[in-house]
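Here are a few exercises to work through with the model open in your viewer. Try each one yourself before reading its solution.

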Amino acid sequence: MQFFLQLPLASLPARFTVRGDGMLQLFYCSVDDGSCETWRPFSGTHLVRLLTGRAAAAAQPAGLAPFPVRAIAGWHELIDYPHPGEHEALGLVYEYDFPNKRVSVSCADLGVALRDLDLGSGVAQTIATAEQGDKLGGWPAWIQNVEYPVCLECGRPMDLVFQVDSKDNIPHMFGDVGCGHITQCPIHPHVLAFGWACS
């Protein structure tokens, strides 16, 4: 498998917490000939792990040209919001008035109530500004549907750790300009997954 990225957890911003210690690493089958389900979490076509022991240099496997070395020089914070497919589970309620081409949006938990908005203005898409590109944490920029993997041990939805977008910093394209997500179980930190989707 091709080495894609590693994140020394101790070097991550203090406001972001990955559960566990050590080095988060992603290895991925980048030479898929169509016979592997590289898109599916837990498919065996990639390896996401927390390396906690002593690290040692290893030779690149024969037949794989390594990606150019890139280093994360620093982090900058940005604000993003969840994909429209996650709004209902988060308490956002949309009330549509199709004859008058209006929509109202409310969230009781937040005390938000927006009434009589133009239906053609793309309200859900305006609220949903999950950033694309490579990023640490935040809300996943889903290409198709909301697809959080569930932990193999407890069945809970997993949390986003890192988003890997096609040809942002890693010179690889997931399918047709797809986007991948490293996720982690909130209860079992050793359970990590990687999955991607494309349009």
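How many disulfides does a search of the whole structure find? It finds zero, taking a disulfide as a pair of cysteine sulfur atoms within 2.5 Å. Before you go on, note that this is a predicted model, where local features need pLDDT of at least 70, side-chain atom pairs count only at pLDDT 80 or more, and totals for chains, interfaces and linings use all residues. Residues are numbered from 1 along each chain as its sequence is written, and side-chain values use heavy atoms, with hydrogens and water left out.

**Exercise 1. Work out why cysteine 154 has no bond to cysteine 185.**

Step 1. Recall that a disulfide is a covalent bond between the sulfur atoms of two cysteines.

Step 2. Find the closest cysteine sulfur to that of cysteine 154: it belongs to cysteine 185 and sits 3.7 Å away, so the pair is too far apart for a bond.

Step 3. Do the same for cysteine 198, which is in no disulfide either: its nearest cysteine sulfur, in cysteine 179, is 11 Å away.

Step 4. Now check accessibility, where buried means under 20% relative accessible area, exposed over 50%, and partly exposed in between (1.4 Å probe, protein chains only). Cysteine 154 has 27%, so it counts as partly exposed. Cysteine 198 has 16%, so it goes down as buried.

**Exercise 2. Place strand β5 among its partners.**

Step 1. Locate β5 at residues 102-107; strands here are DSSP runs (E, at least two residues), numbered from the N terminus.

Step 2. Look at one partner: β4 (residues 93-97) pairs with β5 in the antiparallel sense over five bridges, where pairing takes at least two DSSP bridges between two strands. Valine 93 faces serine 106 across this pair. Four residues separate the strands of this hairpin, and lysine 101 in the turn has a positive phi of about 55 degrees.

Step 3. Turn to β6 (residues 112-118), which runs antiparallel to β5 and is joined to it by five bridges. Here valine 103 is opposite leucine 117. This hairpin also has four residues between its strands, with glycine 111 at a positive phi near 70 degrees.

Step 4. Check burial: five of the six β5 residues are buried, so the strand is largely enclosed by the rest of the structure.

**Exercise 3. Describe the surroundings of valine 150.**

Step 1. Put valine 150 in the loop between β7 (135-136) and β8 (159-165).

Step 2. Read its accessibility: 44%, so valine 150 is partly exposed.

Step 3. List its contacts (heavy atoms within 4.5 Å). Leaving out residues up to four places away in sequence, valine 150 touches Phe42, Gly155, Arg156, Pro157 and Met158.
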